[in-house]
Amino acid sequence: MTVAFAPGRVNLIGEHTDYSGGLVLPMAIDLGTTVELNRGGSDVELRSDTEADAAVVPIDVADPTSVTPAWARYVAGVVAVTRPTAGGRGTITTTLPIGAGLSSSAALTVAVALALGFTGTPRELAVTCQAAEERASGVHGGVMDQLASAAGVEGNALLIDCSSLSITPIPIPDHVDVVVIHSGESRTLAASGYMTRRAELEAGHPQRVRHVESENERVLAFAEALTSGDLVAAGGLMVASHVSLRDDYEVSTPALDALVDRLTATRGVYGARLTGAGFGGCVVALTGPGILNEGWRVRPSAGARVARLRR
Ligand code: GLA
C-alpha cells in the first residue's frame, strides 16, 4: 500500500502575483490530505471521508471536466496529466477545511499524484499538479499552492520567485502565531473573478499592475522584516497588502474588510489580510502567542511525502 500526505498552505503575503511570475511567501501548514492506495486495475477508485460519492476514474480518462461527482475531477485531472500505467483502490482523509482558501484542492492533487507513483522533484510535482487542477476546473491558476504543498519546510515560510521557481526558506519566529479565520463567506465567485482579474492584469490595467508591482516589493520587505524579527513592520506590510488587494486589485469583500479591521484593532495582532484568491474565504493574521481564540492556528510544516508499505 502507498500512503501519500500533502499539506494545505496559507499565503502570508504576495497575492495575485504568482501568475505574472512575481514573488509569493506561503507556508505549508499542519493540516492536510492523506491518500492510501493499493495499486492495480484500470480505474482509480477513491472514497473520501468528506464526500458522499466515490471517485471512479478510468486511467485513460479523456475529459476530466465531465467527470462526476465534481470533486472527482481533481483525481481525473491528475490521472489525465500523469497517465499512470495502473489504477488503484483506496481512501482519502483530510484535516483541511474544504474550499476555505487553505488549498484543499492542491493538497488533494499533490497527494493523489504521489500515491499514483509520481517520482519527480517537488517543483515538477507542483507544475504537474498545477496542470492537473487546470484540467479539472478550467481555471488557469498560478503555481503557488501546489509548490507550497510540495516543497514546504518545517518551521519556515517559502519565499518563491514564480518566474524561476526558486525557493528561499524564511524562518517563522517561534514567538508568533499564524491564525487563519474564515470570513463566513464562501468563495462562489472566486473562479470567474480570478479569471477576470488575470485577464485585466495581462491587458495592462493600471490599478491591477500597480497592485502587483507594489505587492512584489512588499513580499521582499516582509521577508526582511521576518528575518530581522521586526513583527510590527511585517504586520504593517500585511495590512498594506490587504488595502492594495481591496482598492487596486478589487478582490476583497465587505466581510473580509470588516474581519481584517476587527483583527488589526485587537491588541497583540501585528497584522491581518485576506489570503488566497479573495472574493470571500479566509483572512490570515500574524499575532503574539495565544492572542486569538478563533480560527485555525497553523504551524509552518514540511511538504508532501509518500511511504510505500508492504502488506
Ligand atoms: C489562488 C491560486 C494561486 C494564486 C492565488 C492568489 O489560490 O490558486 O495560484 O494565484 O489564488 O494569490
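A residue counts as near the ligand if one of its heavy atoms lies within 4 Å of it. The views below come from a predicted model.

**View 1. The shell of residues around the ligand.** Arg9, Glu15, His16, Asp18, Tyr19, Gly142, Met144, Asp145, Tyr194, Gly276 and Ala277 surround the ligand. Sorted by kind, this shell holds four nonpolar, three polar and four charged residues.

**View 2. Polar contacts of the ligand.** Three residues of the shell are shown with the atoms that face an oxygen atom of the ligand in each case. For Arg9, an N or O atom of the side chain is 3.2 Å from a ligand oxygen. In His16 the partner is a backbone N or O atom, 2.7 Å from an oxygen atom of the ligand. Asp18 uses a polar side-chain atom, which lies 2.5 Å from a ligand oxygen. The ligand taken alone exposes 310 Å², and the protein buries 90% of that.

**View 3. The pocket that holds the ligand.** The ligand takes up the space of the largest pocket. Among the residues around the ligand are Tyr194, Gly276 and Ala277.

**View 4. Cysteines without a disulfide.** A disulfide would need two cysteine sulfur atoms within 2.5 Å. By this rule, the model has zero disulfides. Cys162 is in no disulfide, and the nearest cysteine sulfur, that of Cys129, is 16 Å away.

**View 5. Two buried cysteines.** Is Cys162 buried or exposed? Cys162 has a relative accessible area of 10%, so this residue is buried, given that buried means under 20%. Cys282 is also buried, because its relative accessible area is 1%.

Terms used. Residues numbered from 1 in each chain as written. Predicted model: local features only at pLDDT ≥ 70, side-chain atom pairs only at ≥ 80, totals over all residues. Heavy atoms only, no water. Buried < 20%, exposed > 50% of the residue type's maximum accessible area, 1.4 Å probe, protein only. Polar contact = N/O pair within 3.5 Å; in protein donor to acceptor, adjacent residues only side chain to side chain. Areas by Shrake-Rupley, 256 points an atom, 1.4 Å probe, with all protein chains shown as cover. 1 Å grid on protein atoms, 1.4 Å probe; cavity = no way out; pocket = protein on both sides within 12 Å on 5 of 7 lines; lining within 4 Å. Sits in = over half its atoms within 2 Å of the grid points. Nonpolar A, V, L, I, M, F, W, Y, C, P; charged D, E, K, R; others polar.
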